[in-house]
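What follows is a report on selected local features of one protein chain, written to be read beside its sequence and its coordinates.

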Amino acid sequence: DERYAKYVGKLAIVPLTFGRHVPIIADRYVDPEFGTGVLKISPGHDQNDYHIARKLGLPILNVMNKDGTLNDVAGLYSGMDRFEAREKLWSDLVETNLAVKKEPYTLRVPRSQRGGEVIEPLISKQWFVTMEPLAERALHAVEKGQLTILPERFEKIYNNWLTNIKDWCISRQLWWGHRIPVWYIVGKKCEEDYVVARNAEEALAKAQEKYGKSVEIYQDPDVLDTWFSSALWPFSTLGWPDVSREDFKHFYPATVLETGHDILFFWVARMVMMGIEFTGTVPFSYVYLHGLIRDSEGRKMSKSLGNVIDPLDTMNEYGTDALRFTLCMGTAGQDINLSTERLTSNKAFTNKLWNAGKFLLQNLPERSDATAWDLLLANKFDTEAALQQLPLPEGWVVTGLHELIDKVSISYEKFYFGDAAREIYDFFWSHFADWYIESSKTRLYHSGDGSATITAQSVLLYVFENILKLLHPFMPFVTEELWQALPYRKDALIVAPWPSTDLPKNLLSIKRFQNLQSLIRGIRNVRAEYSVEPAKRISASVVATVDVLEYISKEKQVLALLSKLDAQNINLTESLPGECLVNSLSWLMQFANKQISLMLAR
């Protein structure tokens, strides 16, 4: 700043300090456009000023005691409270004609979160951890593939933090925590004379060996930073430093750590660094980061906004499983806007699952009917031959289940939990509940064929129990309850084996049942178009090729039930009869006219 260039290098006298001198310096940190462009710095009471002083080698003075009073460095104001001293200092400047002018200025004043007191930055002696060597090994763990961070985009944040890391202050002036394991020597300087030990007895023995039998010691009153203590968690809970303990050998290192993305550095990176430092091994192979839960508008929950959602109240209203499933359907690493609509939807899903279980139990043989159960449990669908023998709806739903098992297993392995949840949801609701359960009623209630009934019962049981297995990690309570309600369960669901993958699939049954679904939907649309009463059974003609008619004719009862047709008046033909042709042409003309009107209106 050219205005003050002639003063740089000279000394200024600090008023009311008995003539203490400070150097006048120039530094780019000062904004020439702000105020006078001249700034006094207090390296002992401001973080930015501290860094300037360290850079330029300036003395660092602290004028304040920890109780907010001024110390001897403050000279005339020693012993005064900080606020009283400021008032007195200004009045003294005015009285000695050293005050130039007074003008209001608004600034950000840091306050204590708990008591609201104004916080004063002070220089003090603290314990630090040298971080660069630790961070370097933690970075290498990711580079070498020893540690995988999911979603992958957070790896960049992890690397950035560790690459630009600074030494870590681990001293905390709190009541609760792990005491810093340092003992000082009474009568000696703390910075130079201390011992580090596991306990007071060991510390005293070390001190006596170095300073004599009459030595007196006292422990550092500070505690370790919470994150430092937490960083030791993966191995300190397993008996470390005794690495021969069974728990340590069995559980360390772990496989997956799951936590919120907001503490990737505070906790996760520090656990990695401490694990490598103290055990030589990364504490886990994968880090899965979930999002934070926000309110329906995407705002962070806070008491001041009044938008905090209590999980206990939510579980009472919607059910624990519904809450768990809602949270799990989110995308990894992305925050979740928790709304009542989502919770209500998944509560309905839980009810649907429960009602499906009730339907099964009502339509399976009595538990006492051992013969029927022997037949039921003897049916297996894990071979190509068994699958090919199934009727169309059964072959379709079993094939769909086998595809679902493969998809969900892959999603679980890749930590795509949201995808797995949605895949199970869609299959259960849109395939099993809406289509197969309804189709099975023709076998259970109307077939008069004992073998068809047993086949349907076997498929219902097989598909439902595997759905429960796939859902169990998400919804443990309702699935376990339903599982144990099923007869002849040897073990609890939580210890039941995971469904086998790569099971046979009948892709032709998928295509054919989709054709049947399209036919049923088409009939339902026509009924709705002509406002046919829901309970009214109507006749229908189905025109198709010979091969289509062949498999449709076998499922005439399913077609009739799901389309509300009169089963006795379903005409399957390769070409339309004359009367039907006229009616169809008439309907097509009406439909076309409506579509044209619709297009013109749009």
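Helices and strands are taken here as DSSP runs, helices being H or I over at least four residues and strands E over at least two, and they are numbered from the N terminus. In those terms P253 is found in the loop between α8 (246-251) and β11 (254-260), and the peptide bond leading into P253 from Y252 is cis, with omega near -5°. The model is a predicted one, and every value below is computed from it.

A cis peptide bond also runs from L150 to P151, again with omega near -5°; P151 lies in the loop between β4 (148-150) and α4 (154-163).

**Aromatic pairs and charges over rings**

The count of aromatic pairs comes to 34. One of them joins Y288 and F415, whose rings are stacked with 6.1 Å from centre to centre and 25° between the planes. This pair links distant parts of the chain, since Y288 belongs to strand β12 (residues 284-290) and F415 to the loop between α15 (392-413) and α16 (417-445), 127 residues apart. Y288 counts as buried because its relative accessibility is 9%, under the 20% limit for that class. F415 has a relative accessibility of 12% and so counts as buried.

A further stacked pair is formed by F432 and F464, with 6.3 Å between the ring centres and 25° between the planes. Here too distant parts of the chain are linked, F432 being in helix α16 and F464 in helix α17 (residues 450-471), at a separation of 32 residues. F432 and F464 are both buried.

Two arginines have their charge placed over a tryptophan ring, as set out below.

| Arginine | Ring | Distance to ring centre |
|---|---|---|
| R270 | W168 | 3.9 Å |
| R489 | W483 | 5.0 Å |

**Backbone at F415 and K564**

F415, already met as a stacking partner of Y288, has phi near 65°, a positive value in a residue other than glycine. K564 likewise is not a glycine and has a positive phi of about 60°. The place of K564 is the loop between α21 (556-563) and β16 (565-573). With a relative accessible area of 32%, K564 is therefore partly exposed.

**Packing of two helices**

Two packed helices are described by the angle between their axes and by the distance between those axes. For helix α11 (residues 320-328) and helix α12 (residues 340-363), the angle is about 120° and the axes are 8 Å apart. That angle makes α11 oblique to α12, and the crossing in which α11 passes α12 is right-handed. On the α11 side the contacts are made by A322, L323, F325 and T326, which meet R342, L343, N346, K347, F349 and T350 of α12.

**The surroundings of N506**

Is N506 buried or exposed? Its relative accessible area is 11%, and N506 is therefore buried. N506 is found in the loop between α18 (476-485) and α19 (507-529). Leaving aside residues up to four places away in sequence, N506 touches L387, Q388 and T399. N506 and P393 are separated by 113 residues in sequence, while in space their C-alpha atoms are 11 Å apart.

Conventions: Residues are numbered from 1 along each chain as its sequence is written. This is a predicted model: local features need pLDDT of at least 70, side-chain atom pairs count only at pLDDT 80 or more; totals for chains, interfaces and linings use all residues. Side-chain values use heavy atoms; hydrogens and water are left out. Rings of Phe, Tyr and Trp (its six-membered ring) pair if their centres lie within 6.5 Å; planes under 30 degrees apart count as stacked, over 60 as edge-to-face and the rest as tilted. Buried means under 20% relative accessible area, exposed over 50%, partly exposed in between (1.4 Å probe, protein chains only). A charge sits over a ring if NZ of Lys or CZ of Arg is within 6 Å of the ring centre and within 35 degrees of the ring normal. Axes are lines fitted to C-alpha atoms, for helices over the stretch in contact, and angles run from 0 to 180 degrees between N-to-C directions. Angles under 35 degrees count as roughly parallel, over 145 as roughly antiparallel, 65 to 115 as roughly perpendicular and the rest as oblique. A crossing is left-handed if the near helix is turned anticlockwise from the far one by less than a right angle, and right-handed if clockwise. Contact means heavy atoms within 4.5 Å.
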